[in-house]
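Please open the model in your viewer and keep the selection panel at hand. The stops below go from one selection to the next, with a note on what is found at each.

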Amino acid sequence: MISETLVWLIPLPPLLAFFLIVVFTNRNKALSHWLALIAAGLSWAISMVIFGRAVRTEGLAEHPFAHAIDWLPTGTTSLKIGIQIDPLSAVVLFFVAITVLMIFIYSTGYHNYGQPAGQHDRKGLPPEGAEVKDAKGKLVKVPSIEPMYSRFFALISLFAFAMFLLVVTDNLLTLYVGWEIMGLCSYLLIGFWYAKESARKAMIKAFLTTRVGDVFMLLGLAALYALTGTLNYQEILGNPAVLEQLAGTLSPVFSLSWAALIGLLIFIGTVGKSAQFPLHIWLPDAMEGPTPVSAMIHAATMVSAGVYLVIRFFPLLSAGWEPGGTLTTPMLVMGIIGSFTAIFAATIAVAQNDIKRVLAFSTISQLGYMIAALGVGAYAAAAFHLVTHAFFKALLFLGSGSIIHGMEHGIFHTGEHIDPQNMLNMGGLRKKMPITFWTFLIGGLALSGFPLITAGFWSKDEILSGAFKGGQMGVFITLALAALLTAFYTARQITLTFLGKPRSKAAEHAQESKWTMTAPLAILSVFAIGAGWAGIPADFPGLGGLLPNWFEEFVGSMLHFEHVESVHSLVPLITSLVVALGGLALGWVVYKGLQKPVDPLEKSLGGLHTVLKNKYYIDEFYQAAFIRPALWLADVFTYKFLDQTIIDGVLHGIARFGVWLGNGLRNIIDLPVVNGAGDNAARGTRGLGLYLRSRQSGRIQQYMVIAISLLVLAGLVIYFTVGLG
Amino acid sequence: MIPLSWYLIAAAALFCIGLVGVLSRKSAVSILMCVELMLNAVNINLVAFWHYHSQLQGVSQVAPQVFVAIVFIVAAAEVAIGLALIISAYRRRETSVVDEMTLLKG
Amino acid sequence: MSGLQVVFLIAAAVTIFSGVMVVASRKMMHSALWLILSLMGVAVLFGSLQAGFFAIVQILVYIGAISILIIFTVMLTRRMMDEGHPGLIKGWWLPALMGVILFGLLAVFISTWDNFQVMLNELPANPENLAGFGAALVDPAGYVIPFEVASVLLLAALVGAIYIAVEGKEKAG
């Protein structure tokens, strides 16, 4: 089939699977997961075919696989819906398809497919385990299957659909559609165990926080459409005339150029989605969801989508910038926010004890890396790190899920009441869970940038050398420090989890997970190592030139800059060697002999550790600065003042007047016959009370009245001020 | 030989009546009826503009006709669902007074 | 004043008066009957615009189907509705006031805008071109997607309505 048709087909299988599972097969767990798996497999297969063809196509950047049809007519023009595969979307498609498929396979194991249903399991809560009789007739507790198994697969299928849609689309509008569907899915998936209050809070937090970014992004979209009349990538980003015009005209805000303003607005969307400071707070809480969800959100899809967006819009963000020249405003902002986020999140990760939270902050930090790389103009390096990071971070998340599973097994066995996610309770899992250990080790080394063999080294090295070559010393030093911290907390995590002696009985009885969980780990670890070889710089001492630097050529062809030849300086290389090895060694030394579940840093860092552990109190700050005032406004101003005082007050006033009048008349007439003034007063009060009570329900129409009244008011104001034009 | 504005004003009147009804009727069925009035007002506008447009172009215009047809379809769907909901709510809660359906109240 | 104008004025007056009665009637059954009259008036307005097809559709769909459905619902739920409840909420004067002002604004806007003062003349032969309309609905270059989507919507509404209204055994009580 021709490539364009195939690309159209990529997002469809997961969508189809979603509908089929929701409508038909949600009672049958096996059928549901097979549907989802087959759909993910189909999308994966088509993606690989497309990727293969894209790699072999000459000049793909100028002539991408593209096709579009009219979608919504808007007067004389029409909004189009279409697909486009260029080098950037091809590589993103590559890693998305693989990680998604792996996560799907892993999920069957993670949700205990094949295990009995638990006697006490309820929908909306994690399975608590089932009691079954073993061969000797003794009651033992074993893991039980997730009660909402089908629902999970339906939701992640929808999620996968949205991600594929976002990758293959050729315009911002469809990208935004995919973006928002993912927002919805992440909301539903984070709150998958909705009976837990923490999960409910986390889901709302994630949804609202990302929404803040999305609103700004939508504004950027609208501005872009208003100025250029199109949202197609090629027509905006591939057209120097449009970019020049946008960069040359001033917008009304802060005397930024339109390109800078739109770039910043779109970047704020990324800040929300990719959890950059100051909108990073939702991501650690998103750990409330099941582990495959964390991997989906953190590695394969949602957060990558944010970075993908800014990489995609790099030509707009950097409009007016030449390599080596002064940075544009959006690039400067990205450099600052990215490098700050990188080090900020890395410091927090050092003090976390929950295995998934460490990874969450590590993700934030690594995404900061990519953003910072873009800020200094290291375009290909950012894309490269996006790809390698997706592989090793998915590996780490899935690995941590496997660890938690193993620990839960131990807890079932011993009946201890400890947190299976707390690393301080682990230790010595290396012997119990060998496959998980080795794959986790590979992922961890890749994350910390272990020299030469791991993918993370190559991509991180490129970012560091990009910052160094670009002359951005502040960014360079910050990122190097962040890399040191990264290596440190990775070593801490591996040492606490796998090395040493078990620090709890549960850890002693942990057990390796099933093959459905370990096989994806093994496959991902291959990529966590191998993906780096696609991008070894040609001028790297010793190794450079053995393999062509395929990645930079392929993705770099997206930009229209002249290729700048530069000498590979040894400074960034030595820096990355030192920070990676030094951090790893330091982490190992500090944590290797830990006996009791207490963090030795707690003593040596003192108050600082508490600050880090509480994530710099940013959540508390937001609570005090934004959420409380908003609640206060809603409660006191809107409800008590507007609703109860003004609206009800007017109505009550009229009613009271009526009651008063009636009472008055009646008293005058009745006075000679009955001196029942007290009686009537009581009756009046009672009537008023009844009336008041009836006012307290069903307000929807009143709200509509207010809306219409405001509309009328606006109409009157226009009529009397502007006139009829 | 009727001015276009007559139709528009008639439609505006019908729309406002429907709006008042939606805002002030108590029972859900009545509210649905008033929504139908509002939809009809919209349709009067659409048909009037269809006539106007066809007159300008000299040929019958298809787009407004499609629009009107779709408004009909939406109205039918809305009534089907709305009435089913009302019947269902009535059965369960023995009321079709909107004021008394406050289960979703926070 | 031409004959057509007289027809228009009568039809519009009937439509609007019955509209008012729909809102103002105390009994819902009366409202429903007034609604039918109002819809009939709208059909006449359609006819006066030479949209005979839509006039017929209006009668078939609105009066034949929707009104009958509404009347059935009124009868099914009438026990609650008949007595003891005034039809309007307390404080109905506020929406009524707003409606009047809104109408006043709209009327002023409409009657002062020159383009709206165009006389609607009689269209040439075959004004509706129903064959063309039908062809456009199933033409891939025309409106086949909206048309199909609308059919799916209708189907979904049907299924949904049945699902909602059928009392499931496990849900009873």
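**Where two strands meet**

Begin by selecting strand S1 of chain B together with residues 119–120 of chain C, which form strand S1 of that chain; the two strands pair in the antiparallel sense over two bridges. To find one of the residue pairs, pick Pro3(B), whose bridge partner in S1(C) is Met119(C). Bear in mind throughout that this is a predicted model.

**The whole of chain B**

Next, colour chain B by secondary structure: the chain holds three helices and one strand, and along the sequence these follow the pattern β-α-α-α. If you then colour by burial, 64% of the 106 residues of chain B count as buried. A contact map of chain B, restricted to pairs at least 6 apart in sequence, has 51% of its contacts between residues at least 24 apart.

**The side of chain B that touches chain C**

Now show chains B and C together and select the residues in contact across the boundary, namely 66 residues of chain B and 76 residues of chain C. On the chain B side, the elements that give two or more residues are strand S1 (2–3), helix H1 (4–24), helix H2 (28–57) and helix H3 (62–93). Which of these elements gives the most to that side? Select H3(B), which contributes 21 residues. Coloured by residue class, the side of chain B that touches chain C comprises 46 nonpolar, 14 polar and six charged residues.

**Chain A and the largest core**

Moving to chain A, you will find 30 helices and four strands, with buried residues making up 50% of the chain's 725 residues. Of the contacts in chain A with a separation of 6 or more, 77% are between residues 24 or more positions apart.

For the largest nonpolar core, which has 211 residues, select Phe159(A), Met163(A), Ile311(A), Ala383(A), Phe391(A), Leu479(A) and Ala528(A), the members that touch the most other members. Then add helix H17 (residues 379–414) of chain A, from which the largest share of this core comes, with 21 residues. Centre the view on Phe159(A) and, leaving aside residues up to four places away in sequence, display the residues that Phe159(A) touches: Met182(A), Cys185(A), Leu189(A), Met296(A) and Thr301(A).

As a last stop, select Val29(B), Met38(B), Tyr90(B) and Met40(C), which are among the 81 residues of another core, lying apart from the largest one.

Methods: Residues numbered from 1 in each chain as written. Chains lettered and ligands numbered in written order. Predicted model: local features only at pLDDT ≥ 70, side-chain atom pairs only at ≥ 80, totals over all residues. Contact = placed C-beta atoms within 7 Å. Nonpolar A, V, L, I, M, F, W, Y, C, P; charged D, E, K, R; others polar. Pairing = 2+ DSSP bridges. Core = buried A, V, L, I, M, F, W, Y, C linked by C-beta atoms within 7 Å. Buried ≥ 20, exposed ≤ 12 C-beta atoms within 10 Å, placed from the backbone.
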